[in-house]
Amino acid sequence: MSQPPVFDKPKVELHVHLDGAIKPETILYYAERRGIPLPANTVEELRDIIGMDKPLSLPEFLAKFDYYMPAIAGDREAVKRVAYEFVEMKAKEGVVYVEVRYSPHLLANSKVEPIPWNQAEGDLTPDEVVFLVSQGLQEGERDFQVKVRSILCCMRHMPNWSPEVVELCKKYRNQTVVAIDLAGDETLEGSTLFSGHVEAYEEAVKSGVHRTVHAGEVGSAEVVEQAVNILHTERIGHGYHTLEDATLYEKLLKENMHFEVCPWSSYLTGAWNPDTPHAVIRFKDDKANYSLNTDDPLIFKSTIDTDYQMVKTQMGFTEDEFIRLNINAAKSSFLPDNEKEELLDQLYEAYQIPQPTSQVSK
């Protein structure tokens, strides 16, 4: 019998990667159907090869995607199905609202330079990828009663893709897409300032597209500062190393900046040194605005409960704090105000706590 979850009330998740949340069964199915070799042919073996049990470096972690992404990328049915199954997965975890992110270019095999994962050129463009993922998410939302929105990722090492990413955010803003993100290897020197990314984020600001950026996960506080000052990010993905710059941290606290915290991920990627207190403890103590998230549950062999379990058992988090951080996550979501109000109403009712007036203003 499985254990009941640590926090069995409705949850909000803002930082999870679609390509890091695929069912092993689905990877095996499409690999076999498409004749694509995998390093294993059972769910258990595949999970062990792709999955992590102990910390690896960020590049070693990123290399895990090479094993299985060729089985999914470039296949219309596979792309739509992983989006649909993602919503089912979140429904089982008690998540009532989720923002899922992905790079449209990394799932395409046409009109993308270079073509990822050593695929032969095909006819699935980044544009159609967004269309298919949105369809899969909307069908999942209908069938599993989880509200879901998507975020499109620019990749740090591919600034030439970024201008198209922001255009796709604009094109599909009424079909699940709510924001732009910058993901990938943060240690890539100066990558926040690559002109393709800067231009895409300037366009996002101008067009009213919401913005988040992976920063301060393994990179320095300076990367966080650039994300805030140059890319005008509204949320920070991870952000642990912000604490190294006290002035910056104080400023972000005052501004109620939201940190998308992924505790179990930060252990396995080496973003957090377990001999030191985790940044999330400081966030909790300072009543900062943050959420708890899974990041890449396929690779981390986790569910959202893994993260709640970790902070409860190792860091003394309480149910009251779980309620506070989920309300903050809802307030910091990229939903329009009227939908945000509905989500907050749902949480206040489930948590049986009185509802403040004018709850949306951040």
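## Exercises: salt bridges and helix packing

Lys251 and Glu255 form a salt bridge, with the closest N and O atoms 3.4 Å apart. This is a predicted model.

**Exercise 1.** Classify Lys251 and Glu255 as buried, partly exposed or exposed.

*Solution.*
- Step 1. Buried means under 20% relative accessible area, and exposed means over 50%.
- Step 2. Lys251 has a relative accessible area of 34%, so Lys251 is partly exposed.
- Step 3. Glu255 is at 44%, so Glu255 is partly exposed.

**Exercise 2.** Find the salt-bridge partner of Glu99 and say where each residue lies.

*Solution.*
- Step 1. The partner is Arg235, and the closest N and O atoms are 2.8 Å apart.
- Step 2. Glu99 sits in strand S2 (residues 95-102), while Arg235 sits in strand S6 (residues 235-238).
- Step 3. The two are 136 residues apart, so the pair links distant parts of the chain.
- Step 4. Glu99 and Arg235 are both buried.

**Exercise 3.** Which parts of the chain does the salt bridge of Asp181 with Arg101 tie together?

*Solution.*
- Step 1. In this pair the closest N and O atoms are 3.0 Å apart.
- Step 2. Asp181 belongs to strand S4 (residues 177-183) and Arg101 to strand S2, so the bridge ties together parts 80 residues apart in sequence.
- Step 3. Asp181 and Arg101 are both buried.
- Step 4. Shared partners join Glu99, Arg101, Asp181, Arg235 and Glu260 into one network.
- Step 5. The whole structure holds 29 salt bridges.

**Exercise 4.** Describe how helices H1 and H4 are oriented to each other.

*Solution.*
- Step 1. Two packed helices are described by the angle and the distance between their axes.
- Step 2. The axes of H1 (residues 24-34) and H4 (residues 76-92) come within 11 Å and cross at roughly 170°.
- Step 3. Angles over 145 degrees count as roughly antiparallel. H1 and H4 are therefore roughly antiparallel.

**Exercise 5.** List the residues where H1 meets H4, and sort them by character.

*Solution.*
- Step 1. H1 contributes Thr26, Tyr29, Tyr30 and Arg33.
- Step 2. H4 contributes Glu77, Ala78, Arg81, Val82 and Glu85.
- Step 3. The contact divides into four nonpolar, one polar and four charged residues.

**Exercise 6.** Which residues of H1 are buried, and which helices do they pack against?

*Solution.*
- Step 1. The buried residues are Pro24, Thr26, Ile27, Leu28, Tyr30 and Ala31.
- Step 2. They pack against helix H2 (43-50), helix H3 (58-72) and H4.
- Step 3. Look just past the end of H1: Gly35 takes a positive phi of about 70°.

How values were computed:
Residues numbered from 1 in each chain as written. Predicted model: local features only at pLDDT ≥ 70, side-chain atom pairs only at ≥ 80, totals over all residues. Heavy atoms only, no water. Axes fitted to C-alpha atoms, helices over the stretch in contact; angles between N-to-C directions. Helix = DSSP H or I, 4+ residues; strand = E, 2+ residues; numbered from the N terminus. Parallel < 35°, antiparallel > 145°, perpendicular 65-115°, else oblique. Contact = heavy atoms within 4.5 Å. Nonpolar A, V, L, I, M, F, W, Y, C, P; charged D, E, K, R; others polar. Salt bridge = Lys/Arg side-chain N within 4 Å of Asp/Glu carboxyl O. Buried < 20%, exposed > 50% of the residue type's maximum accessible area, 1.4 Å probe, protein only.
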